[in-house]
Amino acid sequence: MATPIIELKNITKRFPGVVANNNISLEINQGEIYAVLGENGAGKSTLASMVFGMYKPDEGEIYLRGKRVEIANPAQAVELDVGMVHQHFMLVSDYSVAENIILGDEPVKSLFGLVKMINQKSAQAKIQSLIDQYGFDLQASDIIEDLAVAARQRVEILKMLYRDAEILIFDEPTAMLTPQEIERLLEIIRRLRDDGKTIILISHKLDEIKTVADRCAILNHGNLVGVYDVSTTSTQAMANLMVGRELSMTVQKSNNPVRQDLTVLDVDRLSVHDELGIKRVDDISFSIHAGEVFALAGVSGNGQVELANALAGLVPHEGSIRLKGTDITKASVRKRTEQGIAYIPEDRHGVGLQLDMNVIENLILKSYYRPPFARGAFIEASAGVDYANELIVRYDIRCAQGPNTQVRSMSGGNQQKLLIAREVDSDADLVIFVQPTRGLDIGATMAIRQQIIDERDQGRAVLLISLELDEVMELADTIAVIYNGSLTKVTPAQDVSLNELGEYMMGVRK
């Protein structure tokens, strides 16, 4: 019989207006990879966060190794040999690998029995031993800001191993990786399992769960649907259980040819420098036509976000931008919006939404000064309520208090639906999607992918910037690869394979 290392008994966690976890009981065995699946807002991260001490359950009990524990904070979780790799890495960019790993747990030695100082030599030796043991392509002296995304993730894993964690929680670990990097990470997770570690894996990528997990718990609206053996459960069945209905796993895409006669966006020799004067986008030129999904593929940090921000007018840039033949190079953000650009940014918190405003205010943020929301110098409140109610239903935006819900209180997935609803409903000629499905469940992902194709089939030009290569391959008519700020490959989507695309993204192919 397998031995449970974690037991959750009748766990309930409430937040204002919502029950995140409702009477959930699970047993996770020593040395298994245990996946937690569910739609956005289903309670997956909340459940895992209670094991790591970020939240305390309102009701229920947590047992580790057969002993009841109350985990008050992450520091206590670490003392209980629990570690967590967060979706957004928690690293100090100008520190070394070793300095990040020992931060908060520095080994101390006494100098002449009087002065205490950090034992760097001892720490680096242990860290390098772990790097060698797991075959990580790192050095303890490497600086974080010089490392690629996958390497930074390995540093996060090393932070857990350095602290001798036996229970490792991974929250959406493959969201920013290339196919080759994903394969390598899954190998590492298997190796950790084989070394006796217990893995809790939160992921929306069902194919990866199918590949690596032993069992999975499926949540729906905070309730436990069931626990399933992954080897005998299809990805289609998992998806259906997550959303509570039969879910289509493919988008419906017409074969209408791209309208080559109508160029919507024409970019000529565009360059962007950051605040330090470093060139992030280097002399890029391309065009997007009506009825075309033009996808930009690249490893995170290669200039994609800077390019999108330049097109939206958020950052200074050189070169020229023409929208339907009109030069908008020097146009303001509002002018570009009125000319027909809709923008779903990568950073929905910092750029896309005002978290302390409610749903209504966010939905009319770009149009509050125009009818039907404005009447003279005043905002027509009832029009905003009606509009918000309509979009809440149409885009399945789940908000506990309806149109008056504060956006900060909503799950990340529902915040993303809100942002997309506002931008897509603006009836723009060019829609820029940056990481539109990042961190979303399979149901929301398929709905948004279908929305992108619907925009294309209605004759709009779509710029899709995504780290999800299956998404790029499924949706794109044309694929361009960006590497170190330059376009290295532009091709019809059907003329390039997934592996070739990954090689171009990593600079292996030119």
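## Exercises on a predicted model

β1 and β2 form a hairpin with two residues between them, and Gly 17 in the turn has a positive phi of about 85 degrees. The model is predicted. Work through the tasks below with the structure open.

**Exercise 1. Trace the strand partners of β1.**

Task: In which sense does β1 pair with β2, and over how many bridges? Then find which residue in β4 is the bridge partner of Ile 6.

Solution:
1. Locate the strands. β1 covers residues 4-15 and β2 covers residues 18-29.
2. Read the direction. β1 and β2 are antiparallel, with eight bridges.
3. Check one end. Pro 4 lies opposite Asn 29 of β2.
4. Turn to β4, residues 59-64. β4 pairs with β1 in the antiparallel sense, over five bridges.
5. Pick out the pair. Ile 6 has Leu 64 of β4 as its bridge partner.

**Exercise 2. Place β15 in its surroundings.**

Task: Are the faces of β15 covered or open? Which residue of β22 stands opposite Ala 295, and which residue of β23 stands opposite Leu 296?

Solution:
1. Find β15 at residues 293-297. Five of its five residues are buried.
2. Recall the general pattern. Side chains in a regular strand alternate between the two faces of the sheet.
3. Sort the residues by side. Val 293, Ala 295 and Ala 297 sit on one side, Phe 294 and Leu 296 on the other.
4. Judge the cover. Both faces of β15 are covered, as the residues on each side are all buried.
5. Follow β22, residues 461-466. β22 runs parallel to β15, joined by five bridges. Leu 464 of β22 is opposite Ala 295.
6. Follow β23, residues 478-483. β23 is also parallel to β15, with four bridges between them. Ala 480 of β23 is opposite Leu 296.

**Exercise 3. Describe the whole chain.**

Task: Why can the chain be called as compact as a globular protein of its length? What share of its residues is buried?

Solution:
1. Take stock of the elements. The chain has 17 helices and 24 strands.
2. Compare the radius of gyration with the rule. The chain has 24 Å, close to the 24 Å that the globule rule gives for 510 residues, so it is as compact as a globular protein of that length.
3. Add the dimensions. The C-alpha trace spans about 70 × 50 × 45 Å along its principal axes.
4. Count the buried part. Of the 510 residues, 52% are buried.
5. Look at the contacts. Among those with a separation of 6 or more, 67% link residues 24 or more positions apart.
6. Turn to the surface. The accessible area is about 22,400 Å², and carbon and sulfur atoms hold 48% of it.
7. Finish with charge. The chain carries 52 positive and 70 negative charges, and their mean positions lie 2 Å apart.

Conventions
Residues are numbered from 1 along each chain as its sequence is written. This is a predicted model: local features need pLDDT of at least 70, side-chain atom pairs count only at pLDDT 80 or more; totals for chains, interfaces and linings use all residues. Side-chain values use heavy atoms; hydrogens and water are left out. The radius of gyration is taken over C-alpha atoms; the globule rule is 2.2 Å times the number of residues to the power 0.38. Buried means under 20% relative accessible area, exposed over 50%, partly exposed in between (1.4 Å probe, protein chains only). Contact means heavy atoms within 4.5 Å. Accessible areas come from the Shrake-Rupley method with a 1.4 Å probe; for residues, only the protein chains shown count as cover. Lys and Arg count as positive and Asp and Glu as negative; His and the chain ends are not counted. The place of a charge is taken as NZ of Lys, CZ of Arg, CG of Asp or CD of Glu. Two strands pair if DSSP finds at least two bridges between them.
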